[in-house]
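Me: Could you take a close look at the salt bridges in this model for me? I would like to see which side chains pair up and how exposed the partners are.

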Amino acid sequence: MEIKEAQQQVDHWIKTVGVRYFSELTNMAILTEEVGELARIMARKYGDQSFKESDKHKDLADEMADVLWVLICLANQTGVDLTEALQKNFEKKNIRDANRHKDNPKLNS
């Protein structure tokens, strides 16, 4: 699925099943909540924390998809074309970081 198609499908779902978008501020709070849920799994799966019994059933991919969903909602609400934004971000990183990581001794040891 292309990013543009994902934005269209989320918009369609929100307007038909979800009734309407939550406010931008509410969605920002939800995004923060979803990122926190993703962080919890990452800290337990890849970090030093152990899983609580209540966290053992959580799915990493599902939590990432929840983050993406809410980010797409915010993009739709604020008129951001995520395909265009990501392309511009690649251009920025290719100029700004052309040699930055290659020249970082921390990454080359």
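Reply: Happy to. A salt bridge here is a side-chain nitrogen of Lys or Arg within 4 Å of a carboxyl oxygen of Asp or Glu. By that criterion the structure, which is a predicted model, holds 7 salt bridges.

Let's start with arginine 44 and aspartate 55, whose side chains meet in a salt bridge at 3.2 Å, N to O. Arginine 44 sits in helix H2 (residues 24-45), while aspartate 55 belongs to the loop between H2 and helix H3 (60-78), so this pair ties together parts that are 11 residues apart in sequence. Arginine 44 and aspartate 55 are both buried.

A second pair brings together the side chains of glutamate 53 and lysine 56, with 3.3 Å from N to O. Here the partners are out in the open: glutamate 53 is exposed, with a relative accessible area of 63%, and lysine 56 is exposed too, at 53%. Both count as exposed because the cut-off for that label is over 50%.

The third pair to look at is arginine 96 with aspartate 97, where the salt bridge spans 3.0 Å, N to O. Its two ends fall into separate classes: arginine 96 is partly exposed, with a relative accessible area of 47%, whereas aspartate 97 has 10% relative accessibility and counts as buried, since buried means under 20%.

Finally, back to the buried pair. Salt bridges with shared partners join Arg40, Arg44 and Asp55 into one network, so do have a look at Arg40 when you inspect the link between H2 and the loop that follows.

Notes: Residues are numbered from 1 along each chain as its sequence is written. This is a predicted model: local features need pLDDT of at least 70, side-chain atom pairs count only at pLDDT 80 or more; totals for chains, interfaces and linings use all residues. Side-chain values use heavy atoms; hydrogens and water are left out. Helices (H or I, at least four residues) and strands (E, at least two) are DSSP runs, numbered from the N terminus. Buried means under 20% relative accessible area, exposed over 50%, partly exposed in between (1.4 Å probe, protein chains only).
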